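Colleague: I've just opened this one and don't know my way around yet. Could you walk me through it?

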Amino acid sequence: MRTAIYCVSKNGYETCLKIRNNVYKNLHIYVSQRVANMLNLESENVENLFVINERVPILLEKTFDEYDLHIFVAATGAVVRIIEGKFKSKDTDPAVITVDDHANFVISLLSGHLGGANEECRKIADGIGAIPVITTASDVGGKIAVDTLSQKIKAKLESLDDAKRVTSLIVNGENVSIHLPKNIVENNKNCAGAIIVSNRKNIEISKIIPKNIILGIGCKRNTPKEKIIEKINYVMETQNLEMDSIKKAASAWVKSDEIGLLEAMTELNIPIEFFEKEKILEVENLVEERSEFVKNQIGVYGVSEPCAYLASSKKGSFLVKKVKLEGITISIFEEEM
């Protein structure tokens, strides 16, 4: 890795030497003219030492793309201003790291994954006894980003935008499968994303939608079907769920003659099951947000949560406990596959 380090103080130069002696033997050191004069460096004939005779931003116009890693022994805020306008894309930008003047902290600033700044940050910190500072969400969460995976196996990303979207799923705790050549990785959990490692230009992908979503629904009397359909679509969309994954819906016995609800289920082609009060009372502990109004009206504290659970296989978990939308309550239970 072609590496350059820049410093503008006496302490900073000591840090440069510390990094070269402990981490990068072929490190190119750039020092300000003032530091070079102060330490009489030009007469010492130090290998790979370059004296800066111009403003650093101007120097970087020449050096930024020549190195894989730039280390600045300077304040991070100052470095942000110095490199402004130099970076272009995360798949081509060099790594940029800052180190404070007394070598207490090493900060990964730019191109943490593809450029390798995060890995080099840890390496430098370990070599000089400093604390690495890494702020990328996947790393601090103990997870791997798609671009990091690509770098580790020395591969190229087909699309940075796709990588960002899948990494976002990983960071947010979604299940993401990985498909490797000559292997089928079995995963019995639903996946919101997939990583495919292949050198084939065209890959045929087939998506199968399991019917394992149970909707629990409650609504005010005389709610029109259009409103019920609109709210179901909204909740399914916000949860990134296919409408075709709905196995059935469920509600309380008092809604078995609710015209709008029945018509909505018919139009959506979703079977609906109704449960008597006694059955709902058996699982009423599932109702977290209890409604005294509903209790006084029909004798139970809630409808959507217990009914969704009762209509399910009982194996799985709630994706949505209860959401209230203009007189309609919806719960979503996802059955295990």
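**Getting to know the chain**

Modeller: Sure, starting with one stretch: residues 213-332 are 37% helix and 28% strand, with end C-alpha atoms 7 Å apart. Keep in mind that this is a predicted model.

Colleague: What does UniProt list for residues 213-332?

Modeller: That stretch carries a domain annotation in UniProt, and the entry is unreviewed. The name given there is "CobE/GbiG C-terminal".

Colleague: And how far apart are the end C-alpha atoms of residues 60-139?

Modeller: UniProt, again in an unreviewed entry, lists residues 60-139 as the domain "Cobalamin synthesis G N-terminal". The span is 34% helix and 24% strand. Its end C-alpha atoms lie 29 Å apart.

Colleague: Let's zoom out. Is the chain as a whole a compact globule or more spread out than that?

Modeller: It has 13 helices and 14 strands. For 337 residues the globule rule gives 20 Å, but the radius of gyration is 30 Å, well over that, so the chain is more spread out than a compact globule. Along the principal axes, the C-alpha atoms fill a box of roughly 95 × 50 × 30 Å.

Colleague: How much of the exposed area comes from carbon and sulfur atoms?

Modeller: Start with what is tucked away: 42% of the 337 residues count as buried. The chain exposes about 19,000 Å². Of that area, carbon and sulfur atoms supply 49%.

Colleague: What about charges: how far apart are the mean positions of the positive and negative ones?

Modeller: The chain has 43 positive and 47 negative charges. Take the mean position of each set, and the separation comes to 1 Å.

Colleague: Now some single residues. Is Lys 86 buried or exposed?

Modeller: Lys 86 sits in the loop between helix H4 (76-83) and strand E5 (95-99). Beyond its neighbours within four places in sequence, Lys 86 is in contact with Pro 57, Leu 60, Glu 61 and Phe 64. Its relative accessibility is 9%, and the cut-off for buried is under 20%, so Lys 86 counts as buried.

Colleague: How does Asp 101 count: buried, partly exposed or exposed?

Modeller: Asp 101 is in the loop between E5 and strand E6 (105-110). Setting aside neighbours within four places in sequence, its contacts are Ser 9, Asn 11, Gly 12, Thr 15 and Val 73. With 27% relative accessibility, Asp 101 counts as partly exposed.

Colleague: What is the C-alpha separation of Asp 101 and Ala 75?

Modeller: Along the chain, the two are 26 residues apart. In space, their C-alpha atoms are separated by 7.9 Å.

Colleague: Which residues does Val 235 contact, neighbours within four places in sequence aside?

Modeller: Val 235 is found in helix H9 (residues 225-238). Its relative accessibility is 4%, so Val 235 counts as buried. Its contacts are Val 323, Leu 325, Ile 330 and Ile 332.

Colleague: Last one: which residues does Ser 32 touch, not counting those up to four places away in sequence?

Modeller: Look in strand E2 (residues 28-32), where Ser 32 lies. Its relative accessible area is 14%, so Ser 32 is buried. The residues touched by Ser 32 are Cys 7, Val 8, Val 51 and Ile 52.

How values were computed:
Residues are numbered from 1 along each chain as its sequence is written. This is a predicted model: local features need pLDDT of at least 70, side-chain atom pairs count only at pLDDT 80 or more; totals for chains, interfaces and linings use all residues. Side-chain values use heavy atoms; hydrogens and water are left out. UniProt positions are given in the numbering used here, feature names are shortened, and annotations may be inferred rather than shown by experiment. Helices (H or I, at least four residues) and strands (E, at least two) are DSSP runs, numbered from the N terminus. The radius of gyration is taken over C-alpha atoms; the globule rule is 2.2 Å times the number of residues to the power 0.38. Buried means under 20% relative accessible area, exposed over 50%, partly exposed in between (1.4 Å probe, protein chains only). Accessible areas come from the Shrake-Rupley method with a 1.4 Å probe; for residues, only the protein chains shown count as cover. Lys and Arg count as positive and Asp and Glu as negative; His and the chain ends are not counted. The place of a charge is taken as NZ of Lys, CZ of Arg, CG of Asp or CD of Glu. Contact means heavy atoms within 4.5 Å.
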